[in-house]
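Here's a quick tour for someone meeting this structure for the first time. Have a look at it, then read on.

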Amino acid sequence: MKLPVVCETVDAPRVLNDSTRMTAFTTTLRALGYDLAGCAARLGSFPRLGVNFWDQMHPHWKPDPGHPVDTLISLFIDGTAVAADCLRSHTSTSFVDVACEMSLLKLNDGMLQPKLCLFPCYGLYIVTDGSARNTAFNQVMWLWGESFLLGGLANRAPRRRAIDLGTGSGIHALLASVHCESVVAADVSPRALEFGRYNAALNGRTNVDFVLSDLFNAIPGSADMLVTNVPYAPDSAAKAGDNFWSGGLDGFDLLRRIVAALSERLDDGGVAHINSLYPNAPGTTIRENFDRWTAGEIDGYEVLDHTWAVPTYEDALSDEPYEGDKSAWRFGVVSLRRAASGHGYWRELGKRGGFFASDGSCKFVADHDLYAPSPSIEESQKPVLV
Ligand SMILES: C[S@@+](CC[C@H](N)C(=O)[O-])C[C@H]1O[C@@H](n2cnc3c(N)ncnc32)[C@H](O)[C@@H]1O
């Protein structure tokens, strides 16, 4: 499935001088029930595969203009124009004015044209570029199911310092900012950093540093939380880093650098949560790749593997997607912690489509303590590790 393609310049969202107006805006969204549960209740499922497949999943869903959440979904997720009076009737004149001043909407002949997406996400509001492919600039990725999956699976224990590589809209850095003392959010796209800073302001988060950095290159030191969703699609038309999807020829250009840096960048006791497509060569596994990239050290990590097989994966974005054997491809989140004992494990826990509850929340958390083999069990009796 290919996405609709447009070519038009779109302004990045604008931070308002008066922060109370931004706060009033998000307060109104919350009061109207524009959150994960509210969207799930209206749509029957949210999030799941991500915005671009909703029409196929819900061919008969029609927004009710009398319902505020439907109106907000139409505007801010589906990208459909709505009469300004309709939104005003659910909110207020100043809500509409603020949305336009922040460049989320544009008023034209009484109709509000959406310019950007605005997603509810685990208590935060995240603005991204629109969800059609726009060839005019390097787009900031809208939230797909994967963004909600990584956000939901990541363990929210208090942490000293988080690093988010490939932050895009800033979603994972901002979620981390709630339970970490400080966060560094890295991206190679200046537009992404602009969105990240805007989203920090929209959500009143002040402990995130957004930096222009090729992965770890401009970031000193280590972290006890690493969260990342860098581009992963095997693509011969674009280099890794050119856009939000290309992971280079084999898809692993960025991921292999991150995994190779874990020994230096991840603190003892720290956890790395890595969302990716894992386009493994036929007959190979994620574990084998990670072992090679960590120079044979993967047995020293406790690994929770929430991935599932995707042998029919369709690339909706690349101009020249990979068309070969995908029999060993997987998708999902791999969470790693260095084993204190030096002897780790690899647990495969992924289940296709079983991650989200009907209220839109994620049913699972990557909790290493839950799966650690008990030290009281004899070595020979420990569960067989995959
Ligand atoms: C798939 S998007 C993920 C966005 C966001 N983290 C999420 O999960 O919704 C990948 C992001 O990685 C960024 N990126 C690409 N190459 C990078 C690199 N070498 N270093 C840092 N970020 C990079 C892209 O600009 C893009 O914003």
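## Around the ligand

By class, the shell around the ligand holds 14 nonpolar, 9 polar and 2 charged residues. Here Ala, Val, Leu, Ile, Met, Phe, Trp, Tyr, Cys and Pro count as nonpolar, Asp, Glu, Lys and Arg as charged, and the others, Gly among them, as polar. Of the 25 residues around the ligand (C-beta atom, placed from the backbone, within 6 Å of it), the ones that come nearest are Ser147, Gly166, Gly168, Asn229 and Gly241. Helix H7 (145-153), H8 and S9 each give the shell at least two residues.

One thing to know: this is a predicted model, where local features need pLDDT of at least 70 and side-chain atom pairs count only at pLDDT 80 or more, while totals for chains, interfaces and linings use all residues. Residues are numbered from 1 along each chain as its sequence is written.

## Helix H9

Helices (H or I, at least four residues) and strands (E, at least two) are DSSP runs, numbered from the N terminus. H9 covers residues 190-202. Its buried residues (20 or more other C-beta atoms within 10 Å of their own, C-beta atoms being placed from the backbone) include Leu193, Phe195 and Tyr198. Just after H9, Gly204 has a positive phi of about 65 degrees.

## Strand S12 and its partners

S12 (residues 266-278) is mostly covered, with 10 of its 13 residues buried. Strands pair if DSSP finds at least two bridges between them. S11 (residues 223-228) runs parallel to S12, joined by 5 bridges, and Thr228 has Ile274 as its bridge partner in S12. S14 (residues 330-338) runs antiparallel to S12, with 8 bridges.

How values were computed:
The expected span of a helix is 1.5 Å times one less than its number of residues. A residue is buried if 20 or more other C-beta atoms lie within 10 Å of its own, exposed if 12 or fewer, and partly exposed in between; C-beta atoms are placed from the backbone.
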